[in-house]
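Work through the exercises below with the sequence and the model open side by side. Each task is followed by a solution in steps.

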Amino acid sequence: MKVGKIKKVHIVIVSGILLVAAFVLHWLGLDFWKSAVLIAATVTSGYSIAKKAIQSVLMKAFSIELLVTIAVIGALIIGEYVESAAVTFLFLFGAYLEIRTLEKTRSSLRTLMDMAPLEATVLKNGERAIIPVEEIEKGDHILIQSGEKVAIDGKIVSGRAFINEATITGESVPASKKIKDQVFSGTMIDNGYIEVEAEKIGDDTAFAKIIELVEEAQEAKAKTQKFLERFATIYTPGVIVLSILVFVLTQRVELAITFLVIACPGALVISAPVSLVAGIGNGAKNGTLIKGGEVMENLAKIDVLVFDKTGTLTKGKPEVTGIKAFGMDEKVLLKITAEAEIISEHHLGRTIVNEAEKQGLTLTNKPVDFIVEKGHGLYAKVEGKSVVIGNRKLVSKSKINLPQHAEDYAIQEEKRGNTAIFIGVDHKLAGIISIADQVRSEAADTIKKLKAAGIKQTVMLTGDNKHTAEKVAAQLGIDHVFAEMLPEDKVNHIKRLKAEGYKVAMVGDGINDAPAIALADVGLAMGAACTDAAMETADVVLMADKLSKIPYAYELAKATVSNMKQNMLFAVGTVALLLAGVLLGKIFLASGMLIHELSVLLVILNAIRLVRYKQCKQNSGKEFEEIIPEVN
């Protein structure tokens, strides 16, 4: 890549020197040598253009380089050496500037790649050794101190530190990390010292996958971009035909050649991809991975946003808030329930186990005949006792009688925002354990921002009970809430919304809600820094575990699509004005080429504004301020 750039720079410099020399020779009255130098300048800068034109013809495609090559050959035939030299130089110089300015739109990815660590300090057999990251193996213990980068994904086994995770989450505020906490490759220790056991290395780390996803996303084309490319394949031969028609009607070769060059759709062809690359790069820098141009366009059109509750609108860290036993001691109830749940992967089951351990209970018995009733609970046997743990439906299905006083207690707990877990032992109701998950502090503000930004409906789909779901929805200002839903119910609801004509986005954790996320027009996964499934399933991966990233992603998508439209209108308008100028005799070959190249650069510079785009803020209850990306 670097070699190509250097060659192009050298060609531009040589061509420029030859042009200057030609003007000096003209001033000295040496017109023969002036013409020779101008032809040399044309050949020097036109060689690479002609080469690309020939390659495109061999591939049965019509490129912009083909139009320029035909025009330059025509100019040489009729003796317009100044025009031929100026056109080739301006085109080559413009192409070079395009490469340089396009690099700015990819700066976010380059910055990420520069953050990749090269070496790490490994502790083996009690001795420290600095080795390349490629030589790290799973299970190795990595020592990291202040100012050093984390080279792997793993868990802290010793020490404590404040870690800057901006490369992963986009959050610049250092996160406090302690023993058993997860750390990620590419992050940096601001202060502290930790020893980390390597769990993921090399291309398996979250950081490596981020770079891979961003690279793929920047290459993935939007519908608009695909349309423009198809349009260019028809437009280019059409311009050649029109140029011939201009010559037939006017008998002016210069006018036909000028028409040919000025009609090049250069700015139009790059108008979409340059905006998309800049927008995707900005998102990556801020911990939001948008998987390509089509996803960006779809996200900008979203009018209904569907949320999962647990782990999305709530923190996903539930706690036991109450234990009500019927006919046995509360600690006995908790112990039996925890022993039944000890092999469960469900977050509520893990919460009960954690509460039992917190209370100092020793869980010695493992469950047998363990059966999960998806979306309802589980069956198990503990110490010979038949145990049922779950919701009302499972209790009813198991033919366990639910006394009115127990039902009243459960409803009371649910209205307080708790999830009521019913426990049956040997076919009798043994108790109810209440579990609550705190609503995220930024959730209500996020819903307000989304509505202000243009979202028409917000919907919450949850497997939790109706009372708790309605309480959370009312607290956050969510328009519609549907409770006690199984994964397939969520999928059916997404289908219904799409059938009604809505553009639907689904926000979930990327695992339990994978079917609904996959079905939605746009699937968003939150807090996915350590979740491979989320990266694969979702269209938009929000690396930070923060709801505020959702309105940012939505507004960024709208700003990017708006930028694309601005570029397309400007490109089409410029070509139309130039062609009118050519036909009216006001625009000539060299001046028209200069304006054409400037229009290409202006399109790129407009897109570069997205690199510095920042989410706008609300103004004391007012609507959002106009989105104006910052410019250097």
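**Exercise 1: a salt bridge inside a helix**

The side chains of K335 and E339 form a salt bridge, with N and O 2.7 Å apart. The model is a predicted one.

Task: State how K335 and E339 are placed relative to each other in helix α13, and decide whether E339 is buried or exposed.

Solution.
- Step 1. Helix α13 covers residues 330–341, and the two residues are four apart within it, so about one helical turn separates K335 from E339.
- Step 2. Buried means under 20% relative accessible area. E339 has a relative accessible area of 0%, so E339 is buried.
- Step 3. K335 has a relative accessible area of 22% and is therefore partly exposed.
- Step 4. The bridge thus pairs a partly exposed lysine, K335, with a buried glutamate, E339.

**Exercise 2: a salt bridge between two elements**

Task: Find which elements are tied together by the salt bridge of K397 and E373.

Solution.
- Step 1. The closest N and O atoms of K397 and E373 are 2.6 Å apart. A salt bridge requires a side-chain nitrogen of Lys or Arg within 4 Å of a carboxyl oxygen of Asp or Glu, so the pair qualifies.
- Step 2. K397 belongs to helix α15 (residues 392–397) and E373 to strand β11 (residues 368–373), so the bridge ties together parts 24 residues apart in sequence.
- Step 3. The relative accessible area of K397 is 53%, so K397 is exposed.

**Exercise 3: further salt bridges**

Task: State how many salt bridges a search of the whole structure finds, and describe the exposure of R496 and E500.

Solution.
- Step 1. The search of the whole structure gives 13 salt bridges.
- Step 2. One salt bridge joins the side chains of R496 and E500, at 2.7 Å from N to O.
- Step 3. R496 is partly exposed at a relative accessible area of 36%, and E500 is partly exposed at 45%.
- Step 4. Salt bridges also link R392, E407 and E414 in a network.

**Exercise 4: positive phi**

Task: Place K180 and D369 in the secondary structure, and give the phi value of K180 and of D369.

Solution.
- Step 1. Most residues other than glycine have a negative phi.
- Step 2. K180 has a positive phi, near 80°, and is not a glycine. K180 sits in the loop between β5 (175–177) and β6 (182–183), and its relative accessibility of 67% makes it exposed.
- Step 3. D369, also a residue other than glycine, has a positive phi near 50°. D369 is part of strand β11 and is exposed at 51% relative accessibility.
- Step 4. A glycine can be set beside these: G585, just after α22, takes a positive phi of about 80°.

**Exercise 5: the span of a helix**

Task: Compare the expected span of helix α22 with the distance between its end C-alpha atoms.

Solution.
- Step 1. Helix α22 runs over residues 549–583, which is 35 residues.
- Step 2. The expected span is 1.5 Å times one less than the number of residues, which for α22 is 51 Å.
- Step 3. The end C-alpha atoms of α22 are 51 Å apart, so the two values agree.

**Exercise 6: surface patches**

Task: Which residues make the nonpolar surface patch, and which element gives the most to it?

Solution.
- Step 1. V20, V24, W27, L28, L30, F32 and W33 make a nonpolar patch of about 850 Å².
- Step 2. Two or more residues of the patch come from each of α1 (2–27) and α2 (31–58). The most come from α1, which gives three.
- Step 3. W33 lies in helix α2 and counts as exposed, at 52% relative accessibility.
- Step 4. A negative patch is also present, formed by D203, D204, E212 and E536. D203 lies in the loop between β7 (188–200) and α7 (206–219) and counts as exposed at 66% relative accessibility.

**Exercise 7: two buried glycines**

Task: Locate G16 and G417, and give the C-alpha distance from G16 to S45 and from G417 to D437.

Solution.
- Step 1. G16 lies in helix α1 and is buried, with a relative accessible area of 17%.
- Step 2. G16 and S45 are 29 residues apart in sequence, with their C-alpha atoms 9.2 Å apart.
- Step 3. G417 lies in the loop between α16 (404–415) and β14 (419–425) and counts as buried at 17% relative accessibility.
- Step 4. G417 and D437 are 20 residues apart in sequence and 8.4 Å apart from C-alpha to C-alpha.

Key:
Residues are numbered from 1 along each chain as its sequence is written. This is a predicted model: local features need pLDDT of at least 70, side-chain atom pairs count only at pLDDT 80 or more; totals for chains, interfaces and linings use all residues. Side-chain values use heavy atoms; hydrogens and water are left out. Patches are made of residues with over 30% relative accessible area and no salt bridge: like charges are joined within 9 Å, nonpolar side chains (Val, Leu, Ile, Met, Phe, Trp, Tyr) within 5 Å. Accessible areas come from the Shrake-Rupley method with a 1.4 Å probe; for residues, only the protein chains shown count as cover. Buried means under 20% relative accessible area, exposed over 50%, partly exposed in between (1.4 Å probe, protein chains only). Lys and Arg count as positive and Asp and Glu as negative; His and the chain ends are not counted. The place of a charge is taken as NZ of Lys, CZ of Arg, CG of Asp or CD of Glu.
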